[in-house]
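Reader: Please take one part of this model and go through it closely, strand by strand where there are strands. Then connect it to the other parts that can be described in the same way.

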Amino acid sequence: MGSRSNTVAAITVDCLAQRAKHVNISCTSMVVTLFGDVLSVHGGWVWLGSIINLLQRLGYNERLIRTTVFRLFKQDWLQVRKCGRKSYYCLSDSAKRQHERGDTRIYNDCPTHWDGKWTLVSLVSVAETVRENFRKQLSWQGYNTLIPNLLAHPSANHRSLYETIEDMNLSNSVLIFSATTEDVHSSELLNSITTEKWQLKSLENHYHQFLEFYAPLLKGKPTNLTNEEALLTRLMALHEYRRIILQDPDFPEEMLPSGWVGYQAQSMIKRIYQLVLPQSLLFIADELENAHGAVPSASPNFYARFGGLTNHPT
């Protein structure tokens with residue numbers, strides 16, 4: 001076996017806690033990732049004490065975790081049930097829908113075919129009180145401002161777009177168009193504009209930093225990986241990938257630089273996720289509780305993530 005720095009166990013709990021601090025992962029973001037990646041497929045509900053016991057290992061203190069969970073409840077991200085002196089939390093219905101839209105991008109393993117058309121979304125009739133929130137929701141789907149009050153995307157997921165419009169009760173306020181460029185010069189100019197507006201250079205740097213930190217996981221055999229390290233590695237790696245992918249406009253290959261680093265990151269997160277999956281599931285079964293005891297096993301649809309997962313060591 002190689003040196004510990006070249007094995008999966010090199011990324012210890014302390015190392016992951018330092019990483020969370022170094023890249024400034026807020027407690028709020030980590031709680032959201034925990035519910036979206038783990039709890040959403042294990043029955044949804046979890047005891048607050050389990051959240052505290054888990055996230056303290058990444059350096060978040062109990063008071064901060066309690067405050068964060070309560071704030072997410074007040075913001076309608078979480079719902080709560082009381083059972084005696086214990087509190088149990090689950091994603092709210094609106095948060096579940098938003099996570100499901102994000103999941104289609106985060107866990108997707110299939111490149112999409114592009115027909116050359118752009119989806120344009122006009123905000124001119126959207127009330128100013130909700131316009132910025134609507135713009136933010138679409139930015140997570142890869143849209144950006146082409147000109148004031150006109151958002152654009154070349155390979156948009158129309159299902160997510162229409163679900164967002166319906167959730168925000170904007171069906172009578174949003175104009176949606178489909179458009180193409182007329183000549184090669186327009187296409188070249190548009191490619192130049194999108195590279196700048198969607199900040200592909202900055203995005204590329206984020207992907208490289210992600211690859212640099214987590215690549216050592218795949219260089220050695222995880223013979224000394226603990227169940228705790230497995231779940232925390234899964235959470236941290238998925239969170240950092242999620243943070244980047246939700247900034248990634250999800251452009252078709254035709255509009256990306258040659259050898260786009262995002263494809264490397266997608267391949268790596270899938271391999272890491274599968275690598276730590278069996279032991280992460282053991283930790284979940286042993287350590288996370290709901291009102292009935294241990295949280296249930298992962299739902300069948302969980303194993304469809306990243307094109308197909310298996311619950312056995314690779």
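Author: Four strands make up an open sheet, ordered β5-β6-β4-β7, and their pairing is antiparallel. The model is a predicted one. At the edges of this sheet are β5 (144–147) and β7 (175–179), each of which pairs on one side only. From one strand to the next, the twist averages 35 degrees.

The pair at the β5 end can be followed residue by residue. β5 and β6 (residues 150–153) run antiparallel and are joined by 3 bridges. Within that pair, I147 of the β5 segment stands opposite L150 in β6, and N144 stands opposite A152 in β6. The hairpin formed by β5 and β6 has 2 residues between the strands, and N149 takes a positive phi there, near 65 degrees. As for what covers the sheet, helix α8 (residues 184–197) packs on it and touches β4 (118–122) and β5. The direction of α8 makes about 135 degrees with that of β5.

A second open sheet has 3 strands in the order β1-β3-β2, again with antiparallel pairing. β1 (46–47) and β2 (78–83) each have a single partner strand, so they stand at the edges and one side of each is left without a neighbour in the sheet. Strands in a sheet pair through hydrogen bonds of the backbone, in a parallel or an antiparallel manner. Here β2 and β3 (residues 86–91) run antiparallel, with 6 bridges between them. Q79, for example, stands opposite C90 in β3. Helix α4 (residues 62–74) packs on this sheet and touches β2 and β3, its direction making about 115 degrees with that of β2.

Strand β3 also takes part in a pocket. Along with α2 (27–38) and α5 (93–106), β3 supplies at least two residues to the lining of the second largest pocket. The volume of that pocket is about 290 Å³. Its lining consists of 16 residues, and those closest to the centre are S40, V41, E100, D103 and N301. The most is given by α5, which contributes 4 residues to the lining. By class, the lining of the second largest pocket divides into 5 nonpolar, 7 polar and 4 charged residues.

What remains is a pair of helices. The axes of α9 (residues 200–214) and α10 (residues 227–245) come within 10 Å and cross at roughly 170 degrees. Angles over 145 degrees count as roughly antiparallel, and α9 is therefore roughly antiparallel to α10. On the α9 side the contact is made by L203, H206, Y207, F210 and Y214. On the α10 side it is made by M236, A237, E240, Y241, I244 and I245. Sorted by class, this contact between α9 and α10 has 9 nonpolar residues, 1 polar and 1 charged.

Definitions and conventions
Residues are numbered from 1 along each chain as its sequence is written. This is a predicted model: local features need pLDDT of at least 70, side-chain atom pairs count only at pLDDT 80 or more; totals for chains, interfaces and linings use all residues. Side-chain values use heavy atoms; hydrogens and water are left out. Two strands pair if DSSP finds at least two bridges between them. Contact means heavy atoms within 4.5 Å. Axes are lines fitted to C-alpha atoms, for helices over the stretch in contact, and angles run from 0 to 180 degrees between N-to-C directions. Angles under 35 degrees count as roughly parallel, over 145 as roughly antiparallel, 65 to 115 as roughly perpendicular and the rest as oblique. Ala, Val, Leu, Ile, Met, Phe, Trp, Tyr, Cys and Pro count as nonpolar, Asp, Glu, Lys and Arg as charged, and the others, Gly among them, as polar. On a 1 Å grid over the protein atoms alone, a cavity is a set of points where a 1.4 Å probe fits but cannot get out, and a pocket is an open set with protein on both sides within 12 Å along at least five of seven lines; lining residues have an atom within 4 Å of a point. Grid points are joined across faces, edges and corners, and a volume is the space filled by probe spheres set on the points.
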